[in-house]
Amino acid sequence: MVGSAWESDVAILGGCGHVGLPLGLALADSGLHVSLYDTNHTSTRLVMSGAMPHREPNADEVLHRVLAAGRLQACSQPASIGVAEHVIVVIGTPVDKHLNPDPQAVVGAVENVAEHLTDGQLLVLRSTVYPGVTRLVERLVDRLGKDVDVAFCPERIAEGRAMEELYSLPQIVAARTDEAYERAAWLFSQLTKSIVRVTPEEAELAKLFTNSYRYIKFAAANQLYMMANDFGVDYERVRAAVTEDYPRAADLPGPGFAAGPCLLKDTMQLAAFNNNNFALGLASMQVNEGLPLYLVARMAANYDLGSMTVGILGMAFKGESDDVRDSLAYKLKRVLEIQAKSVLSTDPYVTTDPALRPLERVLADSDVLVIGAPHQLYADLDIKRPIVDIWNLRGGGVLI
Ligand SMILES: NC(=O)c1ccc[n+]([C@@H]2O[C@H](COP(=O)([O-])OP(=O)(O)OC[C@H]3O[C@@H](n4cnc5c(N)ncnc54)[C@H](O)[C@@H]3O)[C@@H](O)[C@H]2O)c1
């Protein structure tokens, strides 16, 4: 696939992250030559040794396959950017501790590799960005005097489903010129034939609306859950009644921690963009971030926590994941530590937390358990202790 002028088809800036790596694997598996540029040396080394730096189902076999075929490499040399026909930028775009986005994050990452940008390249922004960032990058490219096409093609996969959703989800492709659009559409047509063309500004909002809407939906469910629970009614029984053969309400979610590195921060990006005039988004933060506090208050009402050891099963931000970024299980733990005699935690996938204990120890040493992340393996465990399970993972209802 590599054309004569280029050493690789695609370079991915941020290529060993949760989004960049699955994308790189999928593109390499489609036959393209892909190079992953990442400032995290540990991750690039792991990838080159055939190991995934994070858990992503079905990615390991693809990694082995494309490495063996010589179609993937990972490195920390920015020069690798300059020899690729297509450059995809997918660095993290977190909000700061005061929930402010950084509209310059992606611009700065591109500026850092500016000397390596080469005339004739296509530059694809794939991070979730503050509205207007595509325009800022276009201006930067102009200022640099580079003849580089720019497109914005936001990533919409969910972690844990990347290797399936990269092929099954429609791809939003946005560009100011037909040429940039055609080039970006060709690139993603290696993965999916379903391409949605919009303007860059429409695409920027489309991505933020996607995540904010999901965050608001979870907040609605969590608020209704707390309401039912305070009334002594099992929300799951109400939800079953609401949704049975009633398609208009079929998407009413169950309760759970709406956490992780995307939903809250993208809702906050949108709020900041709209001068903090986003009542639904901000109220959703209050509800979703309040759920661990509510749970602890309910547990304190039901148990003599001060004399008890509480065990938390699952610390990742969601089920079957090893990702602890912005996990509300950690907020739950912090609040429990104030109230309980002691708190133990366990997770079969998380490898970065030295405080974690083996599952057997936590089951044996805890007086009461709470599911922090709904890993499937907790569903059928024979547990003798009382267990708080707002996910209804074990099918016993969610009333506490
Ligand atoms: N995680 C998800 O499920 C998901 C889904 C859709 C969209 N997104 C969006 O995708 C973007 C990336 O998210 P992520 O979860 O993959 O983040 P991540 O932190 O897992 O990955 C980012 C990678 O970029 C590297 N990096 C950072 N700065 C760099 C630089 N200047 N040069 C080279 N490498 C650099 C980091 O080392 C890291 O490996 C964010 O905008 C996020 O909102 C994430």
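Biologist: Which residue has a polar backbone atom 3.3 Å from a nitrogen atom of the ligand?

Modeller: First, this is a predicted model, where local features need pLDDT of at least 70, side-chain atom pairs count only at pLDDT 80 or more, and totals for chains, interfaces and linings use all residues. Residues are numbered from 1 along each chain as its sequence is written, and side-chain values use heavy atoms, with hydrogens and water left out. A polar contact here is a pair of N or O atoms within 3.5 Å. The backbone partner of that ligand nitrogen is Thr-39.

Biologist: And how far is the ligand oxygen from the side chain of Lys-265?

Modeller: For His-18, a polar side-chain atom sits 2.6 Å from a ligand oxygen. For Lys-265, an N or O atom of the side chain is from a ligand oxygen by 2.6 Å.

Biologist: How much of the ligand's accessible area does the protein cover?

Modeller: Accessible areas come from the Shrake-Rupley method with a 1.4 Å probe. On its own the ligand has 830 Å², and the covered part is 84%.

Biologist: Which residues come nearest the ligand?

Modeller: A residue counts as near if one of its heavy atoms lies within 4 Å of the molecule. There are 23 around the ligand, and the nearest are His-18, Asp-38, Thr-93, Glu-159 and Lys-265.

Biologist: How do the residues of that shell divide?

Modeller: Ala, Val, Leu, Ile, Met, Phe, Trp, Tyr, Cys and Pro count as nonpolar, Asp, Glu, Lys and Arg as charged, and the others, Gly among them, as polar. The shell around the ligand comes to 8 nonpolar, 9 polar and 6 charged.

How values were computed:
Polar contact = N/O pair within 3.5 Å; in protein donor to acceptor, adjacent residues only side chain to side chain.
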